[in-house]
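Below is a short report on the packing, the cysteines and the unusual backbone sites of one protein model. Keep the structure open while reading.

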Amino acid sequence: MQVIAFVGSARKKATYRATEQFLANLQSLGPVESEIVVLRDCRLELCRGCKACFEKGESFCPLQDDVSLLIEKMIRSDGVVFATPNYSFQVSAWMKIFLDRLGFVFHRPRFFGKTWTSIVVQGIYGGGSIVKYLDFVGGGLGFNTVKGSCLTSLEPVSASEQRKMDQTLELHSRRFYAQLAKSALPAPTLFKLMAFRMSRTIMKQSLDERYRDYTYFTERGWFESDYYYPVRLGPFKKLVGIGLDWLGAMMAKDRNKTIQKDKIRS
């Protein structure tokens, strides 16, 4: 199994060492090959907000850097780890730049069956909220998300702090490996079902072949499917899905009416 870790630290210290230890733990549990990508060493340009990736497709992004290469690494991997220090109560700048450049994947998720987790290293406080943020991001990109870990690492690190970090990383790696070995396509939660059914219905009624989101969903048959991938929905979720399709259609209808009124006024 292939696991890739993206490290958003400007230094190869606490966050980098925690990532190395996490991957070493995984390799002790089974046949895992790993790679660490330090984002600081990659060519990453700031998103310009042109929306070319949303409307035309990611290949039309005017920025020529390493983002496509990094996405390919994610596609070829079975598991992905995002590791970052706590900088001003958020991910590091390097990590945020990369996440911003992945924005189009939230519109067109593609990492189903793959496993995601995060490692956040903090000095004192605030890392827990960053873990929650990264867990949410992983789910939005399509991954099976394993709850991340927040490690407290003040310099110099005491023996007791190191033991606590070691224990946290060991338990975390075991949870990640268990999910990695499954490579499952789970039934969606009600929240994920809602996000899919309403967004695709609004998209179907608001967009057309000129938009990459529309053609991406069309190519994969998502406008007619129960979910992003083949899955058995129980009677309750099937009924909920039908209701969400109707609600999405009503929202799209109201939105289109508003747009037409605005055009007439202008």
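Isoleucine 36 sits in strand S2, which covers residues 33-38. The model is predicted. Isoleucine 36 has a relative accessible area of 25%, so it counts as partly exposed. Beyond its neighbours within four places in sequence, isoleucine 36 contacts Ala5, Val7, Tyr16, Thr19, Glu20 and Leu23. One of these partners is tyrosine 16. The C-alpha atoms of isoleucine 36 and tyrosine 16 are 8.7 Å apart, and 20 residues separate the two along the chain.

**Two threonines of helix H1**

Threonine 19, another contact of isoleucine 36, belongs to helix H1, residues 14-29. Is threonine 19 buried or exposed? Its relative accessible area is 0%, so threonine 19 is buried. Outside the residues up to four places away in sequence, threonine 19 touches Ala5, Val7, Ile36, Ala83 and Ile119.

Threonine 15 lies in H1 too. Threonine 15 is buried, because its relative accessible area is 3% and the cut-off for buried is under 20%. Its contacts, leaving aside neighbours within four places in sequence, are Val7, Ser9, Ala83, Thr84, Pro85 and Val121. Val7 and Ala83 appear in the contact list of threonine 15 and in that of threonine 19.

**Nonpolar cores**

Which residues have the most contacts inside the largest nonpolar core? They are Phe6, Met74, Phe82, Phe98 and Leu102, in a core of 30 residues. At least two residues of this core come from each of strand S1 (2-7), helix H3 (67-76), strand S3 (79-85), helix H4 (93-101), helix H5 (103-107), strand S4 (115-122) and helix H6 (127-141). H6 gives the largest share, five residues.

Phenylalanine 6 shows how such a residue is surrounded. Leaving aside neighbours within four places in sequence, phenylalanine 6 contacts Val37, Leu39, Leu70, Met74, Val80, Val81, Phe82, Ala83, Met95 and Phe98. Another core, of 22 residues, lies apart from the largest one. Val7, Ala14, Leu26 and Val121 are among its members.

Helix H4 has Met95, Ile97, Phe98, Leu99 and Arg101 as buried residues. The buried residues of H4 pack against S1, H3, S3, H5 and H6. Met95 and Phe98 of H4 are also contacts of phenylalanine 6.

**Helices H8 and H9**

Two packed helices are described by the angle between their axes and the distance between the axes. For helix H8 (residues 190-206) and helix H9 (residues 212-219), the angle is about 115° and the axes are 10 Å apart. The crossing of H8 and H9 is left-handed. On the H8 side, the contact is made by Phe196, Arg200, Met203 and Lys204; on the H9 side, by Asp213, Tyr214 and Phe217. By type, the residues of this contact are four nonpolar, three charged and no polar.

**Cysteines**

How many disulfides does the whole structure hold? The search finds zero. Cysteine 61 has the sulfur of cysteine 50 as its nearest cysteine sulfur, 6.0 Å away, and is in no disulfide. A disulfide needs the two sulfur atoms within 2.5 Å, so this pair does not qualify. Cysteine 61 counts as buried because its relative accessibility is 19%, and the limit is under 20%. Cysteine 150, at 30% relative accessibility, counts as partly exposed.

**Backbone sites**

Most residues other than glycine have a negative phi, and most peptide bonds are trans. Two residues other than glycine have a positive phi here: lysine 51 and phenylalanine 89.

| Residue | Phi | Place | Relative accessible area |
|---|---|---|---|
| Lysine 51 | near 70° | loop between S2 and helix H2 (52-55) | 46%, partly exposed |
| Phenylalanine 89 | near 65° | loop between S3 and H4 | 54%, exposed |

Why does phenylalanine 89 count as exposed? Its relative accessibility is 54%, and exposed means over 50%. Lysine 51 is partly exposed because its value, 46%, falls between the two cut-offs, 20% and 50%.

A cis peptide bond joins glutamate 155 to proline 156, with omega near -5°. Proline 156 is in the loop between strand S6 (149-152) and helix H7 (159-182).

Conventions:
Residues numbered from 1 in each chain as written. Predicted model: local features only at pLDDT ≥ 70, side-chain atom pairs only at ≥ 80, totals over all residues. Heavy atoms only, no water. Helix = DSSP H or I, 4+ residues; strand = E, 2+ residues; numbered from the N terminus. Buried < 20%, exposed > 50% of the residue type's maximum accessible area, 1.4 Å probe, protein only. Contact = heavy atoms within 4.5 Å. Core = buried A, V, L, I, M, F, W, Y, C linked by side-chain atoms within 4.5 Å. Axes fitted to C-alpha atoms, helices over the stretch in contact; angles between N-to-C directions. Left-handed = near helix turned anticlockwise from the far one by under 90°. Nonpolar A, V, L, I, M, F, W, Y, C, P; charged D, E, K, R; others polar.
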